[in-house]
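Here is a short tour of a few local features in this model. Have the sequence and the 3D view open as you read.

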Amino acid sequence: MSTESVQFHHDADRLTHDLRHRALIQKALGGYYVKRDEQKAKYTDWQQARASAAAAKYEAVNHLDKYLVELSDKLAARGTKVFWAADGPEAADYIASVARDAGVKRIIKSKTMTGEEIHLGQALEKAGLEVVESDLGEFIVQLRGEPPYHIVFPSMHLTRGEIDETFQKKLGSPHADTPEELTMIARNVMRQKYCEADMGISGANFAVAETGHISITENEGNARLSTSLPRVLVSIVGIEKVVPKLDDLAVLLPMLATAGAGQNMTCYNTLLGGPRQPGETDGPTEFHVVLLDNRRTSLLADPEQRDALHCIRCGACLNVCPIFKNIGGHSYGTTYQGPIGSVITPHLRGLQSWKHLSFSSSLCGACHEACPVKIDLHHHLLQNRRNAIAEKPVWWEKPIFAGFAWFMCRPALYRFAAPLLRLGAPFLHAIRGKFFDPARVWTGTRDLPPAPPQSFKEYWRHRNAKR
Amino acid sequence: MKITLFIPCFIDQYYPGAGIGMVRILEKLGHTVDYPESQTCCGQPAFNSGYWDEARSVAETMLDAFRDAEVVVGVSGSCGAMLKVFYPELFHGKPREAEAKALAAKTHEFSSFLVNVLGVGDIGASFPAKATFHDGCHGLRELGIKREPRELLKHVRGLELVEMKEAETCCGFGGTFSVKFPEISTAMGEVKCASILETGAELVISNDSSCLMQIQGLFDRQGQKIKSMHLAEVLAHF
Ligand code: SF4
């Protein structure tokens, strides 16, 4: 077992016993389901909308060579500097060098999971820069020194009381009762930071090739401030974020809002086209776009799972995943939690280290059903399992499945031996729970069904004998 | 019509009642039932664990068993999905691909076969109980079965069907998942069981015995009185 896998088992098992956590997440998501369904009902045909959204992403992902160049050219034409980063360190080094060259000391950052993926905040802090998260949820987990719990709702695992405690401890703020009071505390801290920051960092929800725009969608207005007040702006964009046309946003933005947060449209939708142009009075004077690969191209090279690059990071698959709901976001130990994380992390960070996530699924398919861009998530989990085993079978499993196949390929033997195995089952009661009980992993928490006196095959033979 | 039954291994050994129910119903409707005794397992445990070569060799036993069948009707949504959805994938680019596709095309899950192929709604069953229905994930999402079992249960005399809040939420069984990750599987099952209890039903029905093994196993351990039955067993009460 990889160390990642050992850690996962440990954390996931702990959380499954935490009933307070289970109730908290169920309650948080209960409200989401209601709002999501209300919004979905407004679509004439949600399935058709899914198909259109998937088609737009399919076109982009299958012609990345064309659209990325188009995007880059269009951005450059208005004075934006485009940097192609092969991996995290390259991206972080570039951004640090931009900061150095521009004499930047303080950075205000809006939400970016791509930044999270390459631990951008930590890398910049190491380079001596102050980095403050401006998204409220991200700000809270940053204060607590935790990674985001959920790709869309980073602090959904925290109660109001816990947030209050964090603010009191870390910001020295007075006790606050209501969400409004808590928001005001964060806002007061942040307003100051916006004014002081010389660099803003954002992510991107989409990047439009046709017009050379970075599209950002958010509910707090913090991304808009982070990208317009500081004099230097950097947007970090995974290469899969590109879409061919501005029109594609007409379907993708509302679907992201509906699937992600049960909203009609997200409150603030911003298109960033470049730095301040001659004659303009505001906006950053420098704009850098970092296009990040970080092994996305290896996913692209896999025709079976390429559609995982369609992902618009809406989080819908997490919200419906019964595994996620029981083990929580932190147990995954990944940047991307839930089904999409289980699918792509093995591609991004190594199959053998992360294959356990693909095995940790009942393959119920709720994720695929929820996904607005129709990623075949649960089937990809099966493919990851197959690839992992083909590469390196588990030493003790291999003989078991070889034996299983040998047995099941011999119908005559099965007919003779299966009843013996079944009728031997009551014997298990005598050793239940003991170390050598083969059913221990089942009977630890569940009873076994009683063995019936006759199998179907026996019934069938008796029936035919009577005729 | 001559109907060939697909009774996967664990139904054969542990839940023969579901298979027997199916025989009685199909014969009552005037069909001839056939059961090739050379069928064993669909290969799903190996398939889901990543051992596709082993799964394929088991699956070939099934291709042989059902070669001459006109129409195959399976009692388990999960194993039915294995034949219908995953065999074509498992044999993709392999010598017996065409056979796998042919088997997929002629295979049906029991409730969808009754309603969509035979056009039957009322079997003439009566079963006085307050019950709730659990949608097995493979039947629901791989095969798209949701309306059919309810259509059949609607006509059962004396049966009051109450929907639970989490009817479409996975019970946490997931085959080998249930023993590889017993803690997560159990937590998922507990959520399911709580949702069933909330309905006040005394019986939980499903078209998948594997889910019922998980649900009943948990209820028994919790000391709950709730019973579970396969859809075919309920419908065979006439
Ligand atoms: S995989 Fe689909 S559902 Fe999950 S986050 Fe991505 S787009 Fe949303």
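In chain B, strand E7(B), helix H12 (residues 209-222) and strand E8(B) make a right-handed β-α-β unit. Right-handed here means that, with the strands pointing away from the viewer, the path from the first strand over the helix to the second runs clockwise. Helices (H or I, at least four residues) and strands (E, at least two) are DSSP runs, numbered from the N terminus.

This is a predicted model, in which local features need pLDDT of at least 70 and side-chain atom pairs count only at pLDDT 80 or more, while totals for chains, interfaces and linings use all residues. Residues are numbered from 1 along each chain as its sequence is written, chains are lettered from A and ligands numbered from 1 in the order in which they are written, and side-chain values use heavy atoms, with hydrogens and water left out.

Back to E7(B), residues 203-206. B:Leu203 and B:Ile205 point one way and B:Val204 and B:Ser206 the other, yet all are buried (under 20% relative accessible area; exposed is over 50%, partly exposed in between, with a 1.4 Å probe and protein chains only). Which strands pair with E7(B)? Strand E5 of chain B (residues 126-134) does so in the parallel sense over four bridges, with B:Ala131 opposite B:Leu203. E8(B), residues 227-230, also runs parallel to E7(B) and is joined to it by four bridges; there, B:His230 is the bridge partner of B:Ser206. Two strands count as paired if DSSP finds at least two bridges between them.

Over in chain A there is an open sheet of four strands in the order E8-E5-E6-E9, with mixed pairing. Strands E8 (242-243) and E9 (268-272) are at the edges with a single partner strand each, so one side of each has no neighbour in the sheet. Further in, E5(A) (residues 206-208) and E6(A) (residues 213-218) run antiparallel over three bridges, and A:Phe206 has A:Ser215 as its bridge partner.

Two chain A helices can be checked for length, taking the expected span as 1.5 Å times one less than the number of residues.

| Helix | Residues | Expected span | Distance between end C-alpha atoms |
|---|---|---|---|
| H3(A) | 46-62 (17 residues) | 24 Å | 24 Å |
| H16(A) | 338-349 (12 residues) | 16 Å | 16 Å |

How is H3(A) covered? Its buried residues are A:Trp46, A:Ala49, A:Arg50, A:Ala53, A:Ala54, A:Ala56, A:Lys57, A:Ala60 and A:Val61. They cover an arc of only 155° around the axis, so they sit on the same side of H3(A); the arc is that of the directions from the helix axis to the C-beta atoms. H16(A) is mostly covered, with 11 of its 12 residues buried, including A:Pro339, A:Ile340 and A:His347. Just after H16(A), A:Gly350 takes a positive phi of about 110°.

Most residues other than glycine have a negative phi. A:Arg295 has a positive phi of about 75° without being a glycine, and is found in the loop between strand E10 (286-292) and helix H13 (296-300) of chain A. At 43% relative accessibility, A:Arg295 is partly exposed. A:Leu363, also not a glycine, has a positive phi of about 60° and is found in the loop between helices H17 (351-359) and H18 (366-370) of chain A. A:Leu363 is buried, at 5% relative accessible area.
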